[in-house]
Structure formats: C-alpha cells, structure tokens
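Colleague: I would like to practise reading strands, sheets and contacts on a real example. Could you walk me through one?

Modeller: Gladly; have a look at this one, and ask away.

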Amino acid sequence: MLLMALKKVLQTVFVLFIVSVASFSLLKLAPGDPVEIMLGSEYSAEAHAALVRQLGLDQPLVTQYLDWLGNFVTGDWGTSYIARADIFTYAFVEALPVTLTLAAFSLGLAVVLGVPLGVLSAVKKDTAWDAGAAVFALTGTAFPSFFLGILLIWVFGVKFGLFPVMGFVPPWEDFWGGLYHMILPALTLSTYFIAMIVRLTRATLVEVLAQPYIAAARARGEPGWRVVWVHGLRNIAMPLVTIIGLQLGTLLQGAVLTETVFSLPGAGQMITSAVLGREYGVVQAGVVMTATLFVLVNLAVDLAYPFLDPRLRPR
Amino acid sequence: MQTSTADPLLSVSGLTLHRGARRILDGVDLSLGRGETLALVGESGAGKSTIAVALMGLLRPSEARIEGRAELAGEGDLFGLPERRWSGLRGGRLAMVFQDAGAALNPCFTVGSQLTSVLRRKLGLGRAAARARAVELLDSVGINDAAARLSAYPHQLSGGMQQRVMVAIALACNPDLLFADEPTSALDVTIQAQIVRLILDQTRARGASCIFVLHDLALASQSCDRIVVLYAGQVMEAGSSAEVLKAPRHPYTRLLKSCVLEIGTARLEPPAGGVPPWEEMPAGCRFASRCPRALPRCAGEKPPLTQEGGRALACWNPE
C-alpha cells in the first residue's frame with residue numbers, strides 16, 4: 001500500500017517537473033528581450049552585458065532553470081511592474097486564497113445540492129421528478145456561467161438587494177460574512193457542477209441499485225433510506241470523487257469569468273489582467289499555482305481510492 | 001394445493017405476476033408447513049426465483065404487478081402489507097440466501113458490519129453483544145477463525161466462504177422461513193453439496209421452513225421434503241419428493257426426470273426444445289407446445305391444479 005502511494009507521489013513529482021519546465025519556458029519564449037525592457041531605450045553595450053551577467057542570462061539554460069526553480073520554491077517570484085508589488089505576495093498570499101475560497105464554496109455547494117438531487121432522480125427513476133431533474137441538469141450544463149452570474153446580480157443584487165454583488169470577505173476572519181459574499185459567485189460557478197454531479201450520481205446509482213447486494217441489503221431488512229444512502233452511495237463514492245478531482249481544472253477556468261463578473265480579487269482576475277498587460281511573471285505564477293493545485297488534488301484523489309474501495313487495497 | 005399440515009406457515013394462492021405485458025407467474029399456488037423444506041424446480045425462466053423475490057417483497061411496484069394472496073401465519077396477506085412492515089419481516093421472520101454470494105455481499109463493507117447491522121437492528125443488541133453473536137454465527141456455519149473474519153471484506157473470502165457468510169446473515173435472527181435461491185450455482189461442484197447440507201442442517205436445527213430454488217430435480221428430491229415443478233410460471237405438479245420423482249404424472253416432470261437419468265448415460269442435453277418466446281406462449285397449459293401428450297384442448301384451456309392424496313397436478317392428460 002505504501003509502495004503504491006510512493007509510486008503515485010513520484011508520478012506527481014514528475015508531472016510537477018514538466019509543469020515547472022513549461023512555466024520556465026513561458027518566460028523564455030515571451031517576445032522581447034527582458035534586458036532591453038529593463039534598460040530603456042538608450043544603453044551602452046557594457047551596461048547590457050553587465051545586466052545580462054547580473055541576471056544570469058549568460059549561464060546555460062539548465063543553470064538558469066535551476067536558479068529559477070530555486071527562487072520559485074523559496075518564494076522569490078520576482079516583481080510585477082504593473083502592480084509594483086512582489087509577485088509572491090500578490091499571487092500566492094492575496095489572490096490564491098480568494099480563488100480557493102470560491103472553489104471550495106462552489107464545490108461544497110455542488111456536492112450538497114448535486115448528490116441529493118441525483119440520488120432522488122435515481123430512486124424515482126423514470127418519474128416526472130427524474131425528468132425535471134434531467135431538464136435542470138441539461139440547462140445547468142448548457143447555460144454559460146457568466147450569463148447566469150449577471151442574471152443573479154440583476155435579480156438578487158440589484159432588483160431585491162438581498163446579496164452583495166461584489167467584494168470579498170475572508171471567511172476565516174468572518175465566516176458568515178464570507179459566506180454571505182460568496183453565495184452569488186459560488187452559485188454562478190457551481191451551476192455546471194451541480195448539474196454534472198446530478199447526472200453522474202443518477203447514472204452510477206441507478207446501476208448500483210440494480211446490483212444483487214442492494215437486493216440482499218433489503219432482504220435482510222435494511223430500511224429503504226439506509227439501502228440507498230449507505231449501501232448505494234458508498235459504492236458510487238469512487239466515480240464521484242474522481243470526477244470532482246478531474247473537473248477541478250474546469251472549475252478553476254470558470255473562476256476566471258466568475259471573479260471578473262463579481263469583481264473578486266482572485267487568481268482568475270489576476271491572470272486575466274496579467275495576460276492583458278503582458279505581465280509574463282504574473283502569468284507564470286498563475287500557471288504554476290493552478291497547475292500545481294490541480295496535480296496535487298488529483299494526487300489526493302488517487303491516494304483516496306483504496307479508502308473508497310476496499311477491493312483496491314492490496315491483500 | 002393441499003396444505004401439508006393443518007396449520008401452514010405460508011400459503012400462496014393465485015400468485016400472478018406481470019412485468020409489463022408479460023405474465024411471468026400465472027396463478028401459482030403453494031403451501032408450506034412449519035419446519036418443512038420445499039423445492040421449486042424447473043428450467044430457467046420457470047419463475048422460481050421470481051416467486052422467492054416476490055414473497056420477500058423485494059420487487060418494487062414499478063418493476064412488477066402482483067396479484068394473488070400470500071398468507072404468512074400471524075401476518076395475514078403479505079401483499080397487503082405496507083413497505084414498513086415488510087422491511088420489519090425481512091431479515092427477521094423472512095430471510096434469503098442469494099444465488100451469487102460474491103455479488104450479494106456489499107464490496108464496500110466488512111463481513112462483520114453486514115452481519116452485526118442485522119443483529120443490532122433486529123435484535124436490538126449492543127455493539128459488543130452483536131459482535132459476540134456474529135462470531136458464534138460464523139462459527140456455526142463452519143468458518144474458521146471467525147473473530148478475525150469479521151474485519152475481512154467480501155472479496156478477501158473464497159466463494160464458499162462468502163456463501164457461508166450469506167447463510168450466517170440469513171440465519172442471524174432465526175427466521176421462520178428461509179429462501180435459498182440456487183445458493184450453489186456460483187460455487188465449485190465440490191463445495192455445492194456442503195452448502196446445501198449446511199443450509200438444510202441449520203434450518204432444521206432451528207425448526208425453520210425453507211424454500212429452495214433449484215433447477216436440479218435429483219438434488220431437490222434428495223434434499224427437500226416436497227417438490228413443486230414449475231414451467232414458464234405455472235405449477236405443473238407438486239407432491240412429496242419421493243413420490244414425484246418415483247412416479248411423475250405430469251409429462252413435464254417426466255421430461256425433467258429423463259434429463260436426470262440421461263446425465264448418467266453421459267447425455268447432457270436440455271429438455272427437448274425450449275421454453276417458447278413470450279409472444280408464442282400458449283394461452284392454456286404453457287407446456288402444450290412441447291408436450292408429447294398434448295391434446296387439442298391443452299393449448300387453449302388451462303388445466304386446474306387438482307389435489308389428490310397429498311399430490312397436486314395440472315394436466316388434461318396425465319400419465
């Protein structure tokens with residue numbers, strides 16, 4: 001078991017290596033000579049050479065990569081010349097927690113709403129309820145989230161004034177205030193996921209409920225709710241967790257639009273403005289952060305498998 | 001059908017079951033005395049398992065439409081019971097051993113949790129008491145090192161072990177009536193006899209009744225007190241095992257018996273022809289289309305199940 005976990009971790013390290021090389025290349029491939037940009041329009045050849053040496057650009061690529069990696073790991077991510085701020089503070093300390101909060105609330109909402117709706121559809125298969133849930137799920141997946149966001153802002157924010165439509169309150173400082181500010185953005189971002197989880201839960205549970213062990217559970221007098229919510233749900237945990245892990249990437253992409261619509265100072269908005277302002281250093285930070293997050297979450301999913309399905313545990 | 005005892009545990013009359021337009025069971029009558037073992041015998045598609053599943057109340061209204069009565073002593077008509085009452089009976093007075101124990105045990109829960117949850121819910125035992133009882137039960141069905149097996153997952157056990165666990169779960173609350181739905185068909189031949197023996201010994205030791213679903217006439221007659229021969233959802237013939245096997249009166253029983261004998265002479269052919277598709281099922285006796293003794297009236301008119309000296313027969317032209 002430990003060996004299997006170690007293998008997964010090594011795999012992840014390798015993926016992270018590829019991510020880091022790709023991110024490093026991003027700066028190298030960016031158009032324009034950074035030295036020229038830093039020196040301005042008039043400079044001497046000596047000044048140019050001195051800065052090249054100072055920045056280590058005369059070193060072989062491997063050395064440059066290792067330097068860059070060392071800086072990155074120690075939190076030295078460079079300076080943003082537009083925000084005039086340390087990129088590490090800007091991206092990692094300020095922006096990332098906002099996005100993580102949004103993603104966590106959205107995911108939580110998607111699970112809390114999506115799983116019960118999917119279970120009900122599976123149990124009431126081929127009824128009006130099931131058909132209604134299917135229509136909702138299809139609409140949810142087809143509806144662009146930014147449009148829904150604007151709609152929600154208009155209805156709940158402007159028309160009824162029930163929820164704030166912009167700004168971020170850290171939930172670790174004020175949980176209810178944070179929740180209050182997160183409701184509309186999280187709802188916007190999670191519609192797609194609610195719909196997807198409804199459909200996945202329904203499809204997998206319908207299959208599980210037809211299994212002999214479900215009939216056997218009923219045959220030994222397990223009450224109906226336990227048959228579905230314990231014996232049934234326990235057996236769909238694995239596909240559910242897998243899909244949540246894999247869809248995290250889509251969630252982070254969706255965060256870009258949602259953060260823009262709701263003016264949340266998160267990593268999505270940061271990446272958007274960095275791309276528009278051609279701030280490659282910030283873009284790089286965004287890429288590394290989101291890629292690493294995705295890879296780590298999927299590592300966690302992989303490591304969770306043996307706990308979710310005993311058959312995957314080595315004897 | 002004639003009740004074998006004056007006070008039957010279960011008596012089923014006119015059990016008819018539809019799945020969509022298909023009439024899977026067509027007016028099945030059975031009865032079962034206390035402590036009696038009854039075998040339901042027939043080819044696949046005869047509706048043997050369906051009878052067991054219907055009497056356990058495991059079919060949802062959306063899956064099947066059920067007519068008829070099934071009187072369980074002390075409960076009245078089972079088909080009139082609300083779901084809540086059913087789930088009280090299941091695992092308590094009614095229990096079932098499934099065909100493929102490997103598929104009938106939940107892969108995500110340990111053997112112990114699946115066994116103790118019945119004990120705790122039905123008998124109201126505490127955690128420790130349920131565990132102790134579970135060890136006793138596993139021990140009684142011939143599982144070595146029972147205490148250690150409680151924490152095993154089903155996939156860590158052999159097929160025979162899994163079926164023993166299934167039997168232990170079914171017997172956990174001393175049921176009055178145990179259904180055993182082809183409990184050995186997923187097992188190695190060498191273990192099959194052991195499991196049948198185990199189920200019979202355990203149910204007899206508890207004074208429980210047992211309905212065995214089998215397709216093997218020879219095994220049925222050896223192990224059970226009485227036999228009900230089914231064909232395509234109709235009862236063809238019923239009676240004590242010895243009599244039915246010795247002197248079958250229904251042409252279908254005779255055909256089944258000839259298959260048993262032919263195994264001895266190395267001819268393993270299924271009964272001549274097969275069950276006709278549902279669209280071509282005769283309106284009368286469903287066996288009419290394959291019957292060597294069929295009369296013109298057989299296909300159109302269903303013969304009634306008539307009683308005669310403890311035996312029952314549904315045939316216009318018996319032997």
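Colleague: Let me start with a detail: which residue in β8(B) does B:Leu40 stand opposite?

Modeller: Before that, one caution: this is a predicted model. As for the general idea, strands of a sheet pair through backbone hydrogen bonds, either parallel or antiparallel. Here B:Leu40 stands opposite B:Val213 in β8(B). Strand β3 of chain B, residues 37-41, pairs with β8(B) in the parallel sense, over five bridges.

Colleague: Which residue of β8(B) is the bridge partner of B:Asp181?

Modeller: B:Val213 is the bridge partner of B:Asp181. That residue belongs to the pairing of β7 (residues 177-181) of chain B with β8(B), where five bridges join strands that run parallel. From β7(B) the chain passes through helix α8 (residues 189-205) of chain B to reach β8(B), a β-α-β crossover that is right-handed.

Colleague: Which way do the residues of β8(B) point?

Modeller: In a regular strand the side chains alternate between the two faces of the sheet. In β8(B), B:Ser209, B:Ile211 and B:Val213 point one way, while B:Cys210, B:Phe212 and B:Leu214 point the other way. Six of the six residues of this strand, 209-214, are buried.

Colleague: What about an antiparallel case: what is the strand order in the open sheet of four strands?

Modeller: The order is β2-β1-β4-β5 in chain B, with antiparallel pairing. β2 (22-32) and β5 (76-77) of chain B stand at the edges with a single partner strand each, so one side of each has no neighbour in the sheet. Seven bridges link β1 (residues 10-19) of chain B to β2(B), and B:Leu15 stands opposite B:Val28.

Colleague: Which residues touch the most other members of the largest nonpolar core?

Modeller: They are A:Ala91, B:Val41, B:Met166, B:Ala168, B:Phe212 and B:Val228, in a core of 159 residues. Leaving aside residues up to four places away in sequence, B:Val41 touches nine residues' worth of company, including B:Leu214, B:Ile227 and B:Leu256.Colleague: How does the radius of gyration of chain B fit what a compact globule would have?

Modeller: The two agree, because a compact globule with 319 residues would have a radius of gyration near 20 Å and chain B has 20 Å. Of those 319 residues, 47% count as buried.

Colleague: And how many residues does each chain bring to the contact?

Modeller: Chain B brings 25 residues and chain A brings 19. On the side of chain B that touches chain A, α2 (83-89), β6 (94-97), α3 (101-104) and α4 (111-123) of chain B each supply at least two residues. The residues of that side are 13 nonpolar, seven polar and five charged.

How values were computed:
Residues numbered from 1 in each chain as written. Chains lettered and ligands numbered in written order. Predicted model: local features only at pLDDT ≥ 70, side-chain atom pairs only at ≥ 80, totals over all residues. Contact = placed C-beta atoms within 7 Å. Nonpolar A, V, L, I, M, F, W, Y, C, P; charged D, E, K, R; others polar. Rg over C-alpha atoms; globule rule 2.2 N^0.38 Å. Buried ≥ 20, exposed ≤ 12 C-beta atoms within 10 Å, placed from the backbone. Core = buried A, V, L, I, M, F, W, Y, C linked by C-beta atoms within 7 Å. Pairing = 2+ DSSP bridges. Right-handed = clockwise from strand over helix to strand, strands pointing away.
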